[in-house]
Amino acid sequence: MMRVAVIGGGQLARMMALNGLRLGLQFSFLVEPDESTQCVDNLGEKVVWDLGELLNDGSEAAFHDLFNALGRPQVITVEKEAVPVDLLRGLAQFTAVHPNPDSVYQTQHRAREKQLLSRLSIPTASFKVASTFADVRAAYAEFGLPLFIKAVESGYDGKNQWQIHSVADLESFERESPAGPWVVEKHVRFDREASLIGARSASGETVFYPLTENLHRRGILIRSIAPAPNLGADTERNAQDYMQRLFAELNYVGVLAMECFVCGDDLLVNELAPRVHNSGHWTMDAGICSQFENHLRAIMDWPLGNTQPNGPKGMVNILGSRDLTKHQPRHPGPSWLSDAGTFHWYNKTDRPGRKLGHINIAHEDLATLQTLLAAQDEQLYGETQTK
Ligand SMILES: Nc1ncnc2c1ncn2[C@@H]1O[C@H](COP(=O)(O)OP(=O)(O)O)[C@@H](O)[C@H]1O
Ligand SMILES: [Mg+2]
């Protein structure tokens, strides 16, 4: 049996395994003692390990014990960026780790990631790396307002970032005194957001899904539509060219996601994720090879699959609610099963803003699909606001 070990046990690990079991793969999931793991219930072996202790020890024998406990996998992969790189390097002594530890190192830290993009001449928002409040003030003097301040590590779903619209906001950021360093960015007046998801296999084959248009609210993805409607002719080509540069530079293997701001015909790259990505969930019900399957094919060095859907596809996220009577923690039940699309539920307990599931919707007519996605969004959140 071929075995894949995934570091992490969240919804991305879940969907990877749901796709991989169908390919005849076996799974183990490396989780920490305090990590919630209901997402991967019954999908493989959960290996609970004290990583602090392992990294303290750091010996080859200690990593070998973990490799054995994971069932001696053919390949190890990740479902999140916030993984200790020394863990990946330690395990790489015994088996293939994809994406490679250095790719995770470069992309898990916003300053390194932005510097990587700059080095490859890939356009981004204007930014400065700041270690002190004086550095932040210097960025403010140069860029003016509004600004985004983002902690270099542990940011997701808009967490650990601050939007600065006034000097008072800047002062309140300083009073809050969060841990730095930070990347300070100019606020981009984008027309919309889009993401590119691509895969590169161990032998160097690459594929790209069409650019996906994404709508975020309060820093969290709410819905996606693909192919992103009405893009300029060069936009897709530029995005693929940027990702090819990243693949080559990093010797990258697996799925890579690239979040972008679209400004007219220009693309600015916002951030990278060295993994499958929420904005690619529509690929699961699109009559093509999903991002999860292509990730597994890439890391197993199998031929990659079709990425071109035969029409417009979309997705709406189901986020945890403040109102627990509205979102039921255990299972959503029939009231959620609208006839519009296909339903995915991650088996998590409800918490405000937490990603609990999603609904994929497809329609051959773009305008109809847009109406269906907006209606689903409205039904879930009762908001028509777009940003
Ligand atoms: N410089 C910026 N200008 C305008 N909007 C931004 C900027 N940076 C982030 N945002 C908005 O905040 C969202 C979340 O920021 P992002 O950097 O992607 O962090 P996260 O890791 O939380 O996804 C983005 O998708 C975008 O909507
Ligand atoms: Mg993001």
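**Where domains 2 and 3 meet, and what holds ligand 1**

Between domain 2 and domain 3, just one residue pair is in polar contact, with both partners at pLDDT 80 or more. On the domain 2 side, the residues that touch domain 3 break down into three charged, one polar and no nonpolar. Charged residues don't guarantee salt bridges, though: across this interface the count of those is zero. All of this comes from a predicted model.

To put that meeting point in context, the domain assignment splits the protein chain into domain 1 (3-97), domain 2 (126-186) and domain 3 (192-381). Four residues of domain 2 and five residues of domain 3 take part in the contact. As for spacing, 28 Å separates the C-alpha centres of domain 2 and domain 3.

How much area do domain 2 and domain 3 bury between them? The figure comes to about 320 Å², and carbon and sulfur atoms account for 30% of it. On the domain 2 side, the residues that lose the most area to domain 3 are K150, D157 and E185, which together make up 84% of what that side buries.

Two of those names come up again around the ligand. Ligand 1 is surrounded by 19 residues, and K150 and E185 are among the closest, along with G158, V188 and E193. So much for the neighbours; next come some individual atom pairs.

E193 puts an N or O atom of its side chain 2.6 Å from an oxygen atom of ligand 1. E271 also has a polar side-chain atom by an oxygen atom of ligand 1, here at 2.8 Å. With K186 it's the backbone that matters: one of its N or O atoms there sits 3.0 Å from a nitrogen atom of ligand 1. As for the ligand's surface, ligand 1 on its own has 540 Å² of accessible area, and the protein covers 93% of that.

Taken together, K150 and E185 show up both among the domain 2 residues losing the most area to domain 3 and among the residues closest to ligand 1.

Definitions and conventions: Residues are numbered from 1 along each chain as its sequence is written. Chains are lettered from A and ligands numbered from 1 in the order in which they are written. This is a predicted model: local features need pLDDT of at least 70, side-chain atom pairs count only at pLDDT 80 or more; totals for chains, interfaces and linings use all residues. Side-chain values use heavy atoms; hydrogens and water are left out. Domain bounds come from an automatic or database domain assignment. Contact means heavy atoms within 4.5 Å. Buried area is the accessible area (1.4 Å probe) that two parts lose on being put together, summed over both. A salt bridge is a side-chain nitrogen of Lys or Arg within 4 Å of a carboxyl oxygen of Asp or Glu. A polar contact is a pair of N or O atoms within 3.5 Å; within protein, one must be able to donate a hydrogen and the other to accept it, and residues adjacent in sequence count only if both atoms are side-chain atoms. Ala, Val, Leu, Ile, Met, Phe, Trp, Tyr, Cys and Pro count as nonpolar, Asp, Glu, Lys and Arg as charged, and the others, Gly among them, as polar. A residue is near a molecule or strand if one of its heavy atoms lies within 4 Å of it. Accessible areas come from the Shrake-Rupley method with a 1.4 Å probe; for residues, only the protein chains shown count as cover.
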